[in-house]
Amino acid sequence: TSIRKLPSLSGLQHRRNPLEDNPFFHPSNGFYITPSDVILAQVAYDLSAQSQSRVAYHRAGPRREIMYEPSAVKAAIVTCGGLCPGMNTVIRELVVGLWELYGVREIYGIPAGYRGFYSMETVKLDPKAVHDWHKKGGTVLATSRGGFHLHKIVDAIQLNGFNQVYIIGGDGTMRGAVEIFKEISLRKLEVGITGIPKTVDNDVGIIDRSFGFQTAVEMAQQAISAAHVEAESAVNGIGLVKLMGRSTGHIALHATLSSRDVDCCLIPEMDFYLEGKGGLFEFLEKRLKERGHAVLVVAEGAGQEMIPRTESQKQERDESGNPVFLDVGVWFKSVLKDWWGREHPDELFTVKYIDPTYMIRAVPANATDNLYCTLLAHSAIHGVMAGYTGFVPGPINGNYAYIPLEEVALTKNQVNMSDHKWAWVRSVTNQPDFETNFKGQSL
């Protein structure tokens, strides 16, 4: 078994874990995690195979000894990137966990993302200040994209005397956290760095899921239900819903499976086409004749290469350096109307377009995500207090583990088009097998 080793801070001294004296806990056999406790990356194996290499990660949880004197800890918490349900819960539980579990009293919020380290005043946090944050959407600390100036950020960490930094953000934020960790190591600073992966799209690799995803799928149901009502109430009505998912279609996939009202689901991992035999237009025409209405769910990153762009639009980037996506929903509404006008100029046709993106991102986390955020935050605290650095806490096969930051930053969680889940989507929607049709067209 290959165990993914975690970097740890060597210049700190071992100390008795204050959880021993915490009135909330009664440590017993098995309470503390040891270095030999691991979580396997894969739990299903073919016993007939000759040899199979196994990858394991250190198990998350409290250690018998910690490496920080709690009274000397000065912790910083920052939220970066776009909004996601559960961000405030993670912040709250980091503050409450540090305060109540370990007795840390110096906890600071960094406003406005990475740029806040060097351009904003820090916010002092304590349990009283954050007591109801889990009920709020967004992030009370505020967030932003971009603003990543490595040396300014690390200079600010050093100048402020932070020795624990908790970074909440998506894949771009995690890549930034890797650079911060490397620079901290280069300067030989005794600063624990941990990243808590946040992405509503669920596109962070290795871990089972990212926080906010289940809330997003739940909220997407409301948009799909509204689109279904609109489509069903019109003659030849199409309900068009655009869901989040720049590079992965997990929200669209799970929302489609949960809804069962969707007639076609389009995601970034798949190719599709509009015209001709086996194309989307042919399928929709057949569905409208059969049922009189149809519901189409499209992830925001699907079909981007099909949308006409000017040269300046091709070069456009957002503050994080990502290509700026055009609105696939607006484009779809236009091409659907053009298609019907050409093929059936004298027949009624309605497209109702619903884009719930910002409504989904801004809601508070549901019960499942709230609990998940708490476990993530506490796992992060236990790991940092034990002297680990450069890691991400997260569930692997249902068990919480510590994963090297760089592995998470470099791994994408994309929809596997050969997986049973996608076959299930097609069995629910009966949509065309565009990939096979593509191959058939080229023969």
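Here is a friendly exchange between a trainee and a mentor about this predicted model.

Trainee: Let's begin with the open sheet of four strands; in what order do the strands come?
Mentor: The pairing in this open sheet is parallel. Its edges are β12 (264-266) and β14 (350-354), each of which pairs on one side only. Neighbouring strands are turned by 15° against each other on average, direction ignored. Reading across, the order is β12-β13-β11-β14.

Trainee: Which residue of β13 is the bridge partner of G239?
Mentor: Strand β11 (residues 237-243) pairs with strand β13 (residues 293-299) in the parallel sense, over seven bridges. Looking in β13 for the bridge partner of G239, you find V295.

Trainee: Helices α6 and α8 pack on this sheet; which strands does helix α8 touch?
Mentor: Take helix α6 (residues 213-232) to start with: it touches β11, β13 and β14, and its direction makes about 165° with that of β11. Helix α8 (residues 280-291) also packs on the sheet, with its direction at about 145° to that of β13. The strands helix α8 touches are β11, β12 and β13.

Trainee: How far apart in sequence are the parts that the pair of F281 and W339 ties together?
Mentor: The two rings are stacked, at 4.8 Å centre to centre with 10° between the planes. F281 is buried at a relative accessible area of 4%, and W339 is buried too, at 3%. Because F281 belongs to helix α8 and W339 to helix α10 (residues 328-343), the pair links parts whose separation in sequence is 58 residues.

Trainee: How are the rings of Y372 and Y400 arranged, stacked or tilted?
Mentor: Y372 is in helix α12 (residues 367-385) and Y400 in strand β16 (residues 399-404), so this pair ties together parts 28 residues apart in sequence. Y372 is buried, with 2% relative accessibility. The centres are 6.3 Å apart and the planes make 55°, so by the cut-offs of under 30 degrees for stacked and over 60 for edge-to-face, the pair is tilted.

Trainee: Which charged end sits over the ring of Y372?
Mentor: There are two such arrangements to look at. In one of them, R246 lies over the face of F325, at 4.0 Å from the ring centre. Over the ring of Y372, 4.3 Å from its centre, sits the charged end of R209.

Trainee: Which residues form one aromatic cluster with F434?
Mentor: The structure holds 15 aromatic pairs in total. The cluster that includes F434 is completed by F272, Y273, W331 and F332.

Trainee: Why is the sulfur of C84 in no bond with that of C373?
Mentor: A search of the whole structure finds zero disulfides. C264 is in none, with the nearest cysteine sulfur, that of C265, 7.3 Å away. C84 is buried at 0% relative accessibility. Its closest cysteine sulfur is in C373, and that is too far for a bond because the separation is 7.5 Å.

Trainee: Next comes β16; how many of its six residues are buried?
Mentor: Strand β4 (residues 55-59) runs antiparallel to β16 and is joined to it by two bridges, with Y402 as the partner of H58. Strand β15 (residues 391-396) is also antiparallel to β16, joined by six bridges. The strand is largely enclosed by the rest of the structure, because the number of its residues that are buried is five.

Trainee: Which residue takes a positive phi in the hairpin of β15 and β16?
Mentor: On the β15 side, I396 has N399 as its bridge partner in β16. The hairpin has two residues between the strands. The one with a positive phi, near 55°, is N397.

Trainee: Leaving aside its neighbours within four places in sequence, which residues is S379 in contact with?
Mentor: S379 is found in helix α12. It is buried, because its relative accessible area is 7% and the cut-off for buried is under 20%. Once neighbours within four places in sequence are set aside, the contacts of S379 are A60, P393, Y400 and Y402.

Technical notes. Residues are numbered from 1 along each chain as its sequence is written. This is a predicted model: local features need pLDDT of at least 70, side-chain atom pairs count only at pLDDT 80 or more; totals for chains, interfaces and linings use all residues. Side-chain values use heavy atoms; hydrogens and water are left out. Two strands pair if DSSP finds at least two bridges between them. Axes are lines fitted to C-alpha atoms, for helices over the stretch in contact, and angles run from 0 to 180 degrees between N-to-C directions. Contact means heavy atoms within 4.5 Å. Rings of Phe, Tyr and Trp (its six-membered ring) pair if their centres lie within 6.5 Å; planes under 30 degrees apart count as stacked, over 60 as edge-to-face and the rest as tilted. Buried means under 20% relative accessible area, exposed over 50%, partly exposed in between (1.4 Å probe, protein chains only). A charge sits over a ring if NZ of Lys or CZ of Arg is within 6 Å of the ring centre and within 35 degrees of the ring normal. A disulfide is a pair of cysteine sulfur atoms within 2.5 Å.
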